[in-house]
Amino acid sequence: MSNVQPMTLPDRAWLRAPAWALRGRVMRQVAAQELRDALLSWPWYVAAAVGLLLAVLLIYNSLNFIATSKLLIMSRPFYLPLLTIATLAMLYVIAWSILAIARPRDQGALRVLFFAPVDPAGLLGGHLLAGIAIYGLMLVLTTPLLVVLALLTNLPFPPLLLVGAAITPVFALVAVALGLFISSIASTSRSAMFVFIAVVLLVVGVQGGYRALLSVPPTSTYYDALLFLRTLLRAINAGLDWVSPIALLSGGLDAALRASWSDLLLRAGAALVGGGVWLWLAIWGLGRRGVLP
Amino acid sequence: MITTEDLTKRYKSHLAVESLNLHVRPGEIYGFLGPNGAGKTTTIHMLLNLTQPTSGRIMLFGEPLAPGDFHFKCAIGVVAEEPFESSQMTGWEMVRFFAGLYGVDAPTRRMEELFRRLDLWDVRHGLARDYSRGMRQKLSIIRALVHEPKLLILDEPVSGLDPHGIRQVRELIHDYHQRGGTVFISSHILSEIERSADRIGILHQGRLLVEDTLVGLRGRLTQNQKCIIELESVPDGLLARLKSASYVLDLSQEGRQINATLCAQPDARSRLSRLIAEAGGVILKMQSEEMSLEEAFVTITSQNVVQLAGVA
């Protein structure tokens, strides 16, 4: 091999490159690659299309309601459509992040990735950035179409809703970090999905159970017996409002529409803290569980 | 380059690696041999900080390896059996992605050289997941070499390759070694190790039985030397004189060829050739029958394990 260049072996100083510099490099590379992979696969487009379809159906429903009830003023006709799109986008990034670590680990690809100077913090940081970008791009693609629909239907689209939409990636941070945590600690990708489904069922169960208990009339013979359970579920529900990414999203959009900036900031702060805690737990979990299948 | 001190890895009741003391010197090719389940891959995982040892110490590039360290991997290239690839990356993009992780600023020239050399240039824009096993293995080798590492760790580097591919990879590793790189190669294909390794370590049931050069290994195992001597003609009385020599243990004749078993004295062969010349014989060819690495490996890892461990 005559055209081979002389080897440039790394010196000791190069080997001691600061960890943050290496992590920053890994985060950039991983985020760019994951974003590209997501945009080149069909599930992202399916999620965006389904979200848009549901939003259009909701707007169509609103128009029908206006026509039949002779309603002259309708507040927030685009709150629910936007919330639906954002919720679907969030569910997509949760599912994506749940498989982000567990699936390549099952396949052995994560081990190969860790042959390079990669550590859990850099890898998960890159996935977090990618997840937020994937969510944000879905909103960027679909929200202008809602604005177009607003112009076509003459329904009001308050600019405050756009402010709310712009803030929602902060709430997606919680969703992605939570998904990464589940992915990091799960033994396989299948068990990661089971844990995710179990968490969703638990949250839905708590909310549904609380609503069911609220409907029990005070005259019922079970009313007193169920009082403790109702109080407990109410407390859990109140806690979920500050932990669940979808509850934070819903509350955040609502706060933006009401121009309640303190509430919005409070929710954004809760999302940042929650996202940070889940990310830290994910880094710890990946360190504990390891990268080998 | 790599030093391990009493490196031990225990999985619950199974002892995967036991008190391993490895010494890989800078610039050498170190062959790491062992039967399936001997602990070779576990050792490599510990060297790369992918799994933590139960006890013991690892020194890489002269510095102790601490849990969580990862910067040292900038100077290491690793080839292992390639997993199934599910990403949307082409072979070219995958190597570029890893070059980015290693911090290589302008990898294109180096990548082109390696892709051409391993015959992947024409398929570089194909999806990596559609590559055959051999092509994935070549891609793994390109990925490991793209950043010009100081140390190359190879775990079964030629598995899945055809003879032409094996030759290409062998030449690539040889060139890398010639340019100052250190190679730590774990393989079941003993002929590959025999051909290239400067020193060899044999691992069995988690224990390093022997660490030596191939010549040294043969010396440990070979009590007697076998010699095949081809003569122009066999002079009268030569066989009788050879049989009476103290250093000749066994003798047989096949036409002009004499097969002799000599005792393990360093000057036995020279004394033999002198005796033949004194008897008027003309030696056309003298060949000593050496123990192959395969024979040495089987001998070491067979029934005499405990005894040989004492020798080592």
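R25(A), V26(A), Q29(A) and Q33(A) in helix α2(A) meet F97(B), G100(B) and L101(B) in helix α2(B); contact requires C-beta atoms, placed from the backbone, within 7 Å. By class, this contact has 3 nonpolar, 3 polar and 1 charged residues. Ala, Val, Leu, Ile, Met, Phe, Trp, Tyr, Cys and Pro count as nonpolar, Asp, Glu, Lys and Arg as charged, and the others, Gly among them, as polar.

The model is predicted: local features need pLDDT of at least 70, side-chain atom pairs count only at pLDDT 80 or more, and totals for chains, interfaces and linings use all residues. Residues are numbered from 1 along each chain as its sequence is written, with chains lettered from A and ligands numbered from 1 in the order in which they are written.

Helix α2 of chain A spans residues 19-39, and helix α2 of chain B spans residues 91-102. Their axes lie 8 Å apart, at an angle of about 160°. Axes are lines fitted to C-alpha atoms, for helices over the stretch in contact, and angles run from 0 to 180 degrees between N-to-C directions. The two helices are therefore roughly antiparallel (over 145 degrees).

Chain B also holds an open sheet of 6 strands, ordered β7-β8-β9-β4-β10-β11, with mixed pairing. Pairing requires at least two DSSP bridges between strands. Strands (E, at least two residues) and helices (H or I, at least four) are DSSP runs, numbered from the N terminus. The edge strands are β7 (76-79) and β11 (207-212). Neighbouring strands are turned by 15° against each other on average, direction ignored. β7(B) runs parallel to β8(B) (residues 151-155), joined by 4 bridges. V78(B) has I153(B) as its bridge partner in β8(B). Helix α4(B) (residues 133-145) lies across both strands, at about 175° to β7(B).

Terms used. Parallel < 35°, antiparallel > 145°, perpendicular 65-115°, else oblique. Contact = placed C-beta atoms within 7 Å.
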